[in-house]
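Trainee: I am new to this structure and should be grateful for a close look at one part of it, namely the place where the chains meet, together with whatever is needed to understand the surroundings.

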Amino acid sequence: MPGCDEGSGSEKPTIEAEKSDVDGAKQMKPTDAKLARSQQSHIGSQLRQMYDGLVNEPIPDHLLKLLEQVDESEAGSDDDGAGEGEATT
Amino acid sequence: MSFREELVEHLPSLRAFAISLCGQPHQADDLVQETLLKALANRNKFEAGTNLRAWLFTILRNVYFSLHRKRRREVEDVDGALTASLVAKPEQYGHVDLKDFQRALLNVPDEQREALLLVGAAGFSYEEAATVANCAIGTVKSRVNRARARLAKDLGMTEDEVPAVTSDESGGLAMSTSSTPVRATAM
């Protein structure tokens with residue numbers, strides 16, 4: 001899956017460091033305000049390479065077994081009060 | 001596709017996110033397990049046809065930030081394996097060992113690492129990432145930028161030079177004397 005691309009039509013991630021956000025405390029020239037493209041893309045590709053390697057690892061059995069036990073007729077009606085799953089945008 | 005089948009489909013990415021976020025495969029699998037259990041228990045809260053992936057990632061990151069982050073710090077204090085392995089190793093730019101990268105990533109503050117992972121690795125849009133991380137889109141952008149800046153610094157990439165052999169920071173991660181956020185790790 002591409003790293004910085006998304007297909008939902010909302011704004012595309014571009015990396016533009018706001019000067020005020022860059023830690024560094026030294027005098028920042030305008031050109032220092034964001035990482036050089038080459039650095040950005042290098043970090044990006046390392047990140048995706050790392051992540052994709054993890055995605056391709058085999059899933060531990062105990063996690064798969066957990067899902068095997070799911071009874072499709074259950075509606076998950078018992079609520080453990082967690083309530084984390086609210087991000088349904 | 002059934003709900004269960006969809007969960008299975010998202011498992012690899014969920015796990016990759018968990019490992020990258022907490023830094024320890026064993027704890028990551030606990031994270032994923034808790035996420036799956038919560039997802040199943042709260043299935044009725046999920047609106048079919050909406051963004052299941054974002055929903056699952058939200059559950060996972062909430063579990064991490066509410067429970068597991070503290071545990072991660074404690075483990076790092078006791079088990080010096082992670083910090084002991086943060087040895088400065090000169091690497092030619094472009095051949096940075098992935099393990100070094102992963103370790104550098106763990107030095108990035110949690111929320112920044114999370115933002116970078118969501119947007120730069122897991123493929124969410126800024127908007128989706130903001131929902132998952134429960135913050136403003138601008139905050140996501142800011143965190144991503146900071147994460148990248150921190151990585152560039154720790155990996156020995158300075159702002160003004162063309163990629164070359166690393167400078168004397170040479171990937172010195174934990175040992176860097178630059179200002180580091182206060183973290184309860186044995187550095």
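Mentor: The account below begins with confidence, turns to the helices of chain A and their partners, and ends with chain B.

This is a predicted model, in which local features need a pLDDT of at least 70 and side-chain atom pairs count only at pLDDT 80 or more, while totals for chains, interfaces and linings use all residues. Residues are numbered from 1 along each chain as its sequence is written, chains are lettered from A and ligands numbered from 1 in the order in which they are written, and side-chain values use heavy atoms, with hydrogens and water left out.

For the complex, the predictor gives an ipTM of 0.74 and a pTM of 0.67. The pLDDT is the predictor's confidence in each residue, from 0 to 100. In chain A it averages 66, and 40% of the residues score at least 70. Over residues 16-25 of chain A the pLDDT is below 50, and this stretch has 15 contacts in the model beyond near neighbours in sequence; a contact means heavy atoms within 4.5 Å. Residues 75-83 of chain A also stay under 50, with 17 contacts beyond four places in sequence.

Helices (H or I, at least four residues) and strands (E, at least two) are DSSP runs, numbered from the N terminus. Let us take helix α2 of chain A, residues 61-68, whose buried residues are A:L63, A:L66 and A:L67. Seen down the axis of α2(A), these residues fall within an arc of 90 degrees, so they line one face of the helix; the arc is that of the directions from the helix axis to the C-beta atoms. Buried means under 20% relative accessible area, exposed over 50%, and partly exposed in between, with a 1.4 Å probe and protein chains only. The face of α2(A) turned away from the buried side carries the exposed residues A:D61 and A:E68. On the buried side, the partners belong to chain B: the buried residues of α2(A) pack against α1 (3-22) and α2 (25-41) of that chain.

Helix α1 of chain A, residues 37-55, also meets chain B. It packs with helix α5 of chain B, residues 98-107, at an angle of about 100 degrees, with the axes 10 Å apart. Axes are lines fitted to C-alpha atoms, for helices over the stretch in contact, and angles run from 0 to 180 degrees between N-to-C directions. The two helices are therefore roughly perpendicular to each other; angles under 35 degrees count as roughly parallel, over 145 as roughly antiparallel, 65 to 115 as roughly perpendicular and the rest as oblique. From α1(A), the residues A:I43, A:Q46, A:L47, A:Q49, A:M50 and A:L54 meet B:L98, B:F101, B:Q102 and B:L105 of α5(B). A:V55 lies in α1 of chain A as well. With a relative accessible area of 22%, A:V55 is partly exposed. Not counting residues up to four places away in sequence, A:V55 touches B:P12, B:S13 and B:A16.

Chain B itself has 8 helices and 0 strands. Of its 187 residues, 57% are buried. Among its contacts with a separation of 6 or more, 71% are between residues 24 or more positions apart.

Within chain B, helix α6 (residues 110-120) and helix α7 (residues 126-133) have axes that come within 9 Å and cross at roughly 140 degrees. The pair α6(B) and α7(B) is therefore oblique. The contact is made by B:E114, B:L118 and B:V119 of α6(B) with B:Y126, B:A129, B:V132 and B:A133 of α7(B).

Two single residues add detail. B:F46 sits in the loop between α2 and α3 (52-78) of chain B, and is buried, with a relative accessible area of 12%. B:A149, in helix α8 (residues 137-154) of chain B, is partly exposed at 24%. Its C-alpha atom is 9.5 Å from that of B:V108, although B:A149 and B:V108 are 41 residues apart in sequence.

Finally, the confidence in chain B averages a pLDDT of 79, and 70% of the residues score at least 70. Among the elements of chain B, α7(B) has the highest mean pLDDT, 98, and helix α4 (residues 81-84) the lowest, 43. Over residues 77-94 of chain B the pLDDT is below 50, and this stretch has 33 contacts beyond near neighbours in sequence.
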